[in-house]
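The following exercises concern a bound ligand and the open spaces of a protein. Please study the sequence and the structure before reading the solutions.

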Amino acid sequence: MQVTVNAPAKINLTLDILGRRADGYHTVRMLMQSVSLSDTVTLTTVPEGSVQLWCSRPDLPCDEGNIAYRAAQLFFAQEEVTPFSVKIDIQKRIPVAAGLAGGSTDAAAVLVGLNHMAGMPFHVQQLAQLGAALGADVPFCLLGGTMIAQGIGTELTAAPPLPACSLVLAKPGVSVSTQEAYRQSDKEGFCSAFGTGAVLAALQQGDLSSVAAAVCNDFEQVLQLESIQKIKAEMLRAGALGACMSGSGPTVFGVFALEEQAQACAMQLQKELQEVFVCTAQQEGCRVIKTV
Ligand code: ATP
């Protein structure tokens, strides 16, 4: 049996850092949006070998170091499941360590695919609960669409969809450590912009311009990266209604009403950056797209 799963990336329309729990985890309030840029995860039953993983990016690990591998181990550790041997093939298109939940969505796709192969022992909500043990973004990647994420990012509530638009995603050459970014936000004097309320109100009105004008991310203030500001400025010059960094960065997204403007902006950015994509918002998370 072979099951192919589409694994979409996410962007953060907002990211408010609210505080830090006694166990060290940070509490956040975010508006998350699935996008059409995706990885493809194909799972094939094999005669033996428990879990084998192959990834189109040679710099990513193919063992327990890969979150998708750990997702398979977690799934097979459940008492509702009789383990079987499987080969996992990840075709990566989502930039790595980019604030786009690329690893989390691969893990979510593995859970969705294995659940399908095992005869659906779990509802999607149960899979989301399982997935939270792998990473805070995994439940969102499973459910997808437009959601408010709270707590450490795993408490999800549906939000109105992002109105139709084109999105440009551009990853600058800088690397951002999520842990270091949080450490910076712990410094005295940092205060959240609490931007989620305004974007949520704009989504409720279905008003793309107001949503785009209000997108915001506390990490942008924390990190103060010149390369981020430069890309944002270039997107706005090219006609974006708004632009913002996603997650803990460094990818920046721009919101465009017109696809032609988004394409022209991407072409311009591609002169300097290697990882630039034009995509759209989508209203679902990881889904089986083919079964053989
Ligand atoms: P998030 O937005 O959830 O914080 P991210 O987009 O910033 O995630 P990822 O692309 O998930 O970051 O990668 C984070 C790290 O996880 C990378 O340094 C990479 O080595 C590791 N990793 C393990 N498995 C994967 C995978 N399947 N895809 C991408 N990265 C992976």
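Three exercises with worked solutions follow.

The model is predicted: local features require pLDDT of at least 70, side-chain atom pairs count only at pLDDT 80 or more, and totals for chains, interfaces and linings use all residues. Residues are numbered from 1 along each chain as its sequence is written, and side-chain values use heavy atoms, with hydrogens and water left out.

**Exercise 1.** Describe the shell of residues around the ligand.

Solution. Step one is to list the neighbours, a residue being near if one of its heavy atoms lies within 4 Å of the molecule. The ligand is surrounded by 17 residues, of which Asn66, Ala97, Gly99, Gly103 and Asp137 are the closest.

Step two is to sort this shell by class: seven residues are nonpolar, six polar and four charged. Here Ala, Val, Leu, Ile, Met, Phe, Trp, Tyr, Cys and Pro count as nonpolar, Asp, Glu, Lys and Arg as charged, and the others, Gly among them, as polar.

Step three is to assign elements, with helices (H or I, at least four residues) and strands (E, at least two) taken as DSSP runs numbered from the N terminus. Helix α2 (residues 102–117) provides four residues, the largest share of the shell.

**Exercise 2.** Identify polar atoms of the protein that lie opposite ligand atoms, and state how much of the ligand is buried.

Solution. First, take pairs of N or O atoms within 3.5 Å as polar contacts. One ligand nitrogen lies 2.9 Å from an N or O atom in the side chain of Asn66. A polar backbone atom of Ile67 is 3.2 Å from a nitrogen of the ligand, and a polar backbone atom of Leu100 is 3.0 Å from a ligand oxygen.

Next, consider area by the Shrake-Rupley method with a 1.4 Å probe. The ligand alone exposes 610 Å², and the protein buries 74% of that.

**Exercise 3.** Characterise the pocket that holds the ligand, then the second largest pocket.

Solution. On a 1 Å grid over the protein atoms alone, a pocket is an open set of points where a 1.4 Å probe fits, with protein on both sides within 12 Å along at least five of seven lines; lining residues have an atom within 4 Å of a point. A molecule sits in a pocket if more than half of its atoms lie within 2 Å of its grid points.

The ligand takes up space in the largest pocket, whose volume is about 1,300 Å³. Its lining has 47 residues, with Ser104, Ala136, Asp137, Thr178 and Ser248 closest to the centre.

The second largest pocket holds about 160 Å³. Its lining draws three residues from α2, the largest share, and includes Val112, Asn115 and His116.

Key. Polar contact = N/O pair within 3.5 Å; in protein donor to acceptor, adjacent residues only side chain to side chain. Points joined across faces, edges and corners; volume = space filled by probe spheres on them.
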